Amino acid sequence: PRKAGLVLLSTSRVYSVRDLSALPMKTLDNAFALDEAATLPHGVSSAGIDESFPVRQPVSLYGASKLASEVMGIEYGSAFQFPVWIDRCGVLAGAGQFGTAEQGIFSYWLHAHAAKRRLRYIGFGGLGLQVRDAFHPDDLANFIAMQLRRGDPPPDAIYNLGGGARNAMSLAQLTAWCDERFGKHAPEPDTKPRMFDIPWTVMDYGRASREFNWSPTRALPAILDEIAAHVRDNPG
């Protein structure tokens, strides 16, 4: 025995697409926002979605693979008595990403905007109102280090990690930021809905904050500045 444990990096995509799509939305400052005047389901607040939000299907094939990985990790930890931590991450963003779709929307959008490549606002009226939050890999690494130092995890050691409401931005707002930095470049509206797209996902990292005194230290504008510098040094 090597007395090792497992930190499994999971994703916000384990949460139910149907339930996320049904959240009451309003439009505020060119972005979707949670309508707090409506009756909200369990697991969501102005801080975002927490670990108790439903994970029932559908969650997408990618989300299903991550959810299955969580189950298997917990089962292996229980069967062979080693610690397992599960971190459900929102969008990670920072320098070093080369603007491919799988590396996250913020990096992709900045690289494509600067290069004047085709961009589209897909679904939701083609207005770019859909919202995501972002956080920096350094903040994720700091939290993992805290978990490793902690030792044995508590029951149900599942944590939502992300930038939270303060680090959230819509595509339209991101485009306005890019227009200021790189010059005007208008995305095309595409009103056709796309399967598994959701209007608003913000990660509530409240449990991580309560138990580890953790919160993201990098504000979204600073993260975007970092990516923009990387775009400048790595054009194309």
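## A walk through the chain, starting at Asp 156

Let's begin with one residue: Asp 156 has a relative accessible area of 66%, so Asp 156 counts as exposed (exposed means over 50%, buried under 20%, partly exposed in between, using a 1.4 Å probe and protein chains only). What you're looking at is a predicted model, in which local features need pLDDT of at least 70 and side-chain atom pairs count only at pLDDT 80 or more, while totals for chains, interfaces and linings use all residues. Residues are numbered from 1 along each chain as its sequence is written, and side-chain values use heavy atoms, with hydrogens and water left out.

Back to Asp 156. You'll find Asp 156 in the loop between α4 (137-150) and β10 (158-161); helices (H or I, at least four residues) and strands (E, at least two) are DSSP runs numbered from the N terminus. The backbone does something worth spotting here: phi of Asp 156 is positive, about 55 degrees, even though Asp 156 is not a glycine. Phe 124, also not a glycine, has a positive phi near 55 degrees too. Phe 124 is in the loop between β8 (120-122) and β9 (131-135), and with a relative accessible area of 29% Phe 124 is partly exposed. One more backbone detail is the cis peptide bond between Gln 57 and Pro 58, where omega is about 5 degrees. Pro 58 belongs to the loop between β5 (48-49) and α2.

Now zoom out. The chain has seven helices and 13 strands. Its C-alpha atoms fill a box of roughly 55 × 45 × 30 Å along the principal axes. How does the radius of gyration of the chain fit with a compact globule? For 236 residues, such a globule would come out near 18 Å, and the chain has 18 Å, so the two agree (the radius is taken over C-alpha atoms, and the globule rule is 2.2 Å times the number of residues to the power 0.38). Of the 236 residues, 46% are buried. The accessible surface of the chain adds up to about 12,100 Å², with 55% of that belonging to carbon and sulfur atoms; these areas come from the Shrake-Rupley method with a 1.4 Å probe, and for residues only the protein chains shown count as cover. Contacts also tell you how the chain folds back on itself: among those with a separation of 6 or more, 82% are between residues 24 or more positions apart. Contact here means heavy atoms within 4.5 Å.

Helix α2 makes a good next stop. Lys 66 is in this helix, and at 23% relative accessibility Lys 66 is partly exposed. Setting aside neighbours within four places in sequence, Lys 66 touches Leu 9, Ser 10, Thr 11 and Val 14. Ala 33, which is 33 residues from Lys 66 along the chain, has its C-alpha atom 27 Å from that of Lys 66. Phe 80 is also in α2, which covers residues 60-80. Is Phe 80 buried or exposed? Phe 80 is exposed, because its relative accessible area is 57%. Together with Met 72 and Tyr 76, Phe 80 forms a nonpolar surface patch with about 360 Å² of accessible area. To count for a patch, residues need over 30% relative accessible area and no salt bridge; like charges are joined within 9 Å and nonpolar side chains (Val, Leu, Ile, Met, Phe, Trp, Tyr) within 5 Å.

Next, the charged pairs. Side chains of opposite charge can pair when their charged atoms come close. A salt bridge is a side-chain nitrogen of Lys or Arg within 4 Å of a carboxyl oxygen of Asp or Glu, and by this rule there are ten. One of them joins Arg 88 and Glu 70 at 2.7 Å, N to O. This pair links distant parts of the chain, with Arg 88 in strand β6 (residues 84-89) and Glu 70 in helix α2, 18 residues apart. Both Arg 88 and Glu 70 are buried. Asp 233 and Arg 232 make another salt bridge, with their closest N and O atoms 3.1 Å apart. Asp 233 is exposed at 52% relative accessible area, and Arg 232 is exposed at 60%. Elsewhere, salt bridges that share partners tie Asp 138, Arg 218 and Glu 226 into one network.

Last come the cysteines. How many disulfides does the structure hold? Zero, where a disulfide is a pair of cysteine sulfur atoms within 2.5 Å. Cys 89 has a relative accessible area of 6%, so Cys 89 is buried, and Cys 178, at 0%, counts as buried as well.
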